[in-house]
Amino acid sequence: MITMDLKIIFMLVACVVYASAHQQQEPAATVTLKTYGFGSSCYPKCIKYEVYCQQDDDDHPYQQKANAVCRSRFIRGGPRGRLAVLNNAYVDGEIRDLIKSNRLHKKKCIKNHGFFIGLSDSGRWREGKYDWVNGDRIGQNDYQNWARGQPDNDNKQDELGQDCVQLWFRNGNRGKWDDEYCNFRPKGFVCEVPDNHCSTL
Ligand SMILES: [Ca+2]
Ligand SMILES: [Ca+2]
């Protein structure tokens, strides 16, 4: 009987440890930004941006799992979240400032030097042609903020090259963009969660 009780206790402890290790990741910092003049509406649009620290090693495939966390986020019946679309200097700068002011670019948050955002050149015939996760394609005159020498589609770790994009905090790059492997290293990531009602500011 005692042996059976010990077995049950051991199983319960193991379950609690497993559950706590796989519980929903919470954002390390957030900011809600109000913008005007996007689309056809004159009304302000609010988006809550959430920065997450580095994923677990077993969160494969890393960029897709990051987007899945973003899609699990929403505000009061609004649309689902997604990896962040940082397609203008204002929002891109605010998110870099959020990361730096909270010191999230340090090892206590990320060891692998970067945060996935919602930009990629994955897909057939799309190499070098970057699309935001909202479907917008980057044209020659659109906002871009690549680190020096990037994107380089490095293929030393994956013959398919680098098709996802991170805010890069390495080699003196303070959050400029770098193309990164989609599933080689766990990363931090940035979500955006639209707030249709815009009542949080
Ligand atoms: Ca690429
Ligand atoms: Ca690169």
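**Notes on a predicted fold**

1. A good place to start is a single pair: Ile-47 stands opposite Pro-194 of β8. The two strands concerned, β2 and β8 (residues 188-195), run antiparallel and are joined by seven bridges. Strands count as paired here when DSSP finds at least two bridges between them.

2. Before going further, a word on conventions. This is a predicted model, in which local features need pLDDT of at least 70 and side-chain atom pairs count only at pLDDT 80 or more, while totals for chains, interfaces and linings use all residues. Residues are numbered from 1 along each chain as its sequence is written, and chains are lettered from A and ligands numbered from 1 in the order in which they are written.

3. The overall layout comes next. The protein chain holds three helices and eight strands, in the order α-β-β-α-β-α-β-β-β-β-β from the N terminus. Helices (H or I, at least four residues) and strands (E, at least two) are DSSP runs, numbered from the N terminus. Of contacts between residues at least 6 apart in sequence, 69% join residues at least 24 apart; a contact means that two C-beta atoms, placed from the backbone, lie within 7 Å.

4. On burial, 30% of the 201 residues in the protein chain are buried. A residue is called buried if 20 or more other C-beta atoms lie within 10 Å of its own, exposed if 12 or fewer, and partly exposed in between, with C-beta atoms placed from the backbone.

5. Strand β2 (residues 45-52) deserves a second look, as six of its eight residues are buried. Besides β8, β2 pairs with β1 (residues 29-35), again antiparallel and over seven bridges. In that pairing, Lys-34 sits opposite Cys-46.

6. Which residues of α2 (residues 62-71) are buried? They are Tyr-62, Gln-63, Ala-66, Asn-67, Val-69 and Cys-70. These lie on the same side of α2, because they cover an arc of only 155° around the axis; the arc is that of the directions from the helix axis to the C-beta atoms. Their cover includes β2, β3 (82-83), β4 (114-120), β6 (164-168) and β8.

7. Helix α3 (residues 89-101) has 13 residues and spans 18 Å from first to last C-alpha, close to the 18 Å expected at 1.5 Å a residue, where the expected span is 1.5 Å times one less than the number of residues. Its buried residues are Asp-92, Ile-95, Leu-98 and Ile-99. Seen down the axis, the buried residues of α3 fall within an arc of 125°, so they line one face of the helix. They pack against β1, β2, β4 and β8, whereas Ala-89, Tyr-90, Asp-97 and Ser-101 are exposed on the other side. After α3 comes Arg-103, with a positive phi near 55°.

8. Two cis peptide bonds are worth checking by eye. One runs from His-60 to Pro-61, with omega near -20°, and Pro-61 belongs to the loop between β2 and α2. Another joins Gln-150 and Pro-151, with omega about 0°; Pro-151 lies in the loop between β5 (131-132) and β6.

9. Last, two non-glycine residues with positive phi. For His-113, phi is near 65°, and this residue is in the loop between α3 and β4. For Asn-171, phi is about 55°, and its place is the loop between β6 and β7 (176-180). Is each one buried or exposed? His-113 is buried, having 20 other C-beta atoms within 10 Å, while Asn-171 counts as exposed, with 10 C-beta neighbours inside 10 Å.
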